[in-house]
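Please follow this explanation with the model open beside the text. It goes from one element to the next and ends at the surface.

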Amino acid sequence: MKVLGLGDNVIDRYTHSGIGYPGGNALNFSVYARLLSANAAYLGVFGDDRGAEHIRRVLQARGVDISHCLMVPGENGHASLTIEQGERRFLASNAGGIRQTTSMNFVLDDIPWLRQFALIHTSAYSYADDLLPALGMLPGRLSYDFSDDFVIERALPLCQQLDYGFFSCAEQSLEETHALLKAAQQAGCRLVIATRGAEGALLFDGSQWLSQMPTLITPVDTLGAGDAFITAFLLAHSQGQTLAASLDQGSRFAAQICLIEGAFGEGISY
């Protein structure tokens, strides 16, 4: 199965240790998919600094295809965060660095290459919203992570292009989460899933509701847990597993990732 993570990549800088780890929603998807034995590619923009060089080297060593990425002069994306009792807490970022001023339109330069992917995953931090209509016309399924700072009025118009939509709703009530997922599904998204932290995950497909409790562990670092859940769920469901089994796979893999420092290790000093 060939899958593509399209969009953001960063170095997550841990202020308490001085170590930076590769990350980003789209990049994490590609790396996690490779860990789960998928044929994975990543498509995005790299700067030309030390952080970007490290990320490219890690992806190549892990067998993630980066052949269609763009590299431009400038600072790569980075974020500052710390860990408090195993929970990651974001402090600041450079909002993607060079990606802010670099158009993502180059993504559509090789449509035949894009057509080979059974699944494409992107995110709210990928500066790729304008590409969704074109990506939605490709034969593969399209997935989008709205994260936790979405504006519903902006999110719903994007849903008509999506097969899968993910929302982080740890700060919302169960009633608010139900209303959000109903609205997103009615706006056109085939399957909508909310992750709710310690309350687990909730899925709506237009007719049935399914819930999944988290796999209980003592986390080392929760960075990447949501991306891990998304990746394992998407791969399982795309390969024919039931929704319930796919949710379970997502929960189990997310727990594994919480036992690793950074999104998937590979730290460097900064």
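In this predicted model, helix α2, residues 50-61, lies across three strands: β2, β3 (19-23) and β15. The helix runs at about 110° to β2.

One residue of helix α2 to look at is His 54. Is His 54 buried or exposed? Its relative accessible area is 6%, and the cut-off for a buried residue is under 20%, so His 54 counts as buried. Leaving aside residues up to four places away in sequence, His 54 touches Ile 11, Pro 22, Glu 266, Gly 267 and Ile 268. Ser 126 lies 72 residues from His 54 along the chain, and the C-alpha atoms of the two are separated by 20 Å.

The strands under discussion belong to a sheet. What is the order of its strands? The sheet is open and has five strands in the order β8-β7-β2-β3-β15, and the pairing is mixed. β8 (87-93) and β15 (268-269) are the edge strands; each has a single partner, so one side of each is left without a neighbour in the sheet. In general, the strands of a sheet pair through backbone hydrogen bonds, in either a parallel or an antiparallel sense. Within this sheet, β2 (residues 10-14) and β7 (residues 78-84) are parallel and share four bridges. Asp 12 has Ala 79 of β7 as its bridge partner.

Glu 266, one of the contacts of His 54, is placed in the loop between α8 (243-257) and β15. Its phi is near 65°, which is a positive value in a residue other than glycine. With a relative accessibility of 34%, Glu 266 counts as partly exposed. Ser 37 also has a positive phi, of about 75°, although Ser 37 is not a glycine. Ser 37 is found in the loop between α1 (25-35) and β4 (39-43). Here the relative accessible area is 64%, and Ser 37 is therefore exposed.

Helix α8, which precedes the loop of Glu 266, contains Ala 245. Ala 245 has 27% relative accessibility and counts as partly exposed. Measuring from C-alpha to C-alpha, Ala 245 and Phe 233 are 8.4 Å apart in space, with a separation of twelve residues in sequence.

Another set of paired strands is built around β10, residues 141-145. How many of the residues of β10 are buried? Four of its five residues are, so the strand is mostly covered. β10 runs parallel to β9 (residues 119-123), and five bridges join the two. In this pairing Ile 120 stands opposite Leu 142 of β10. β10 also pairs with β11 (residues 164-168), again in the parallel sense, over three bridges. Tyr 144 has Gly 165 of β11 as its bridge partner.

The last stop is on the surface. Which residues make the nonpolar surface patch? Ile 217, Val 220 and Leu 259 make it, and its area is about 230 Å². Val 220 sits in the loop between β14 (209-212) and α7 (225-238). At a relative accessible area of 39%, Val 220 is partly exposed. Residues of a patch must have over 30% relative accessible area, so at 39% Val 220 meets that requirement.

How values were computed. Residues are numbered from 1 along each chain as its sequence is written. This is a predicted model: local features need pLDDT of at least 70, side-chain atom pairs count only at pLDDT 80 or more; totals for chains, interfaces and linings use all residues. Side-chain values use heavy atoms; hydrogens and water are left out. Patches are made of residues with over 30% relative accessible area and no salt bridge: like charges are joined within 9 Å, nonpolar side chains (Val, Leu, Ile, Met, Phe, Trp, Tyr) within 5 Å. Accessible areas come from the Shrake-Rupley method with a 1.4 Å probe; for residues, only the protein chains shown count as cover. A salt bridge is a side-chain nitrogen of Lys or Arg within 4 Å of a carboxyl oxygen of Asp or Glu. Buried means under 20% relative accessible area, exposed over 50%, partly exposed in between (1.4 Å probe, protein chains only). Two strands pair if DSSP finds at least two bridges between them. Contact means heavy atoms within 4.5 Å. Axes are lines fitted to C-alpha atoms, for helices over the stretch in contact, and angles run from 0 to 180 degrees between N-to-C directions.
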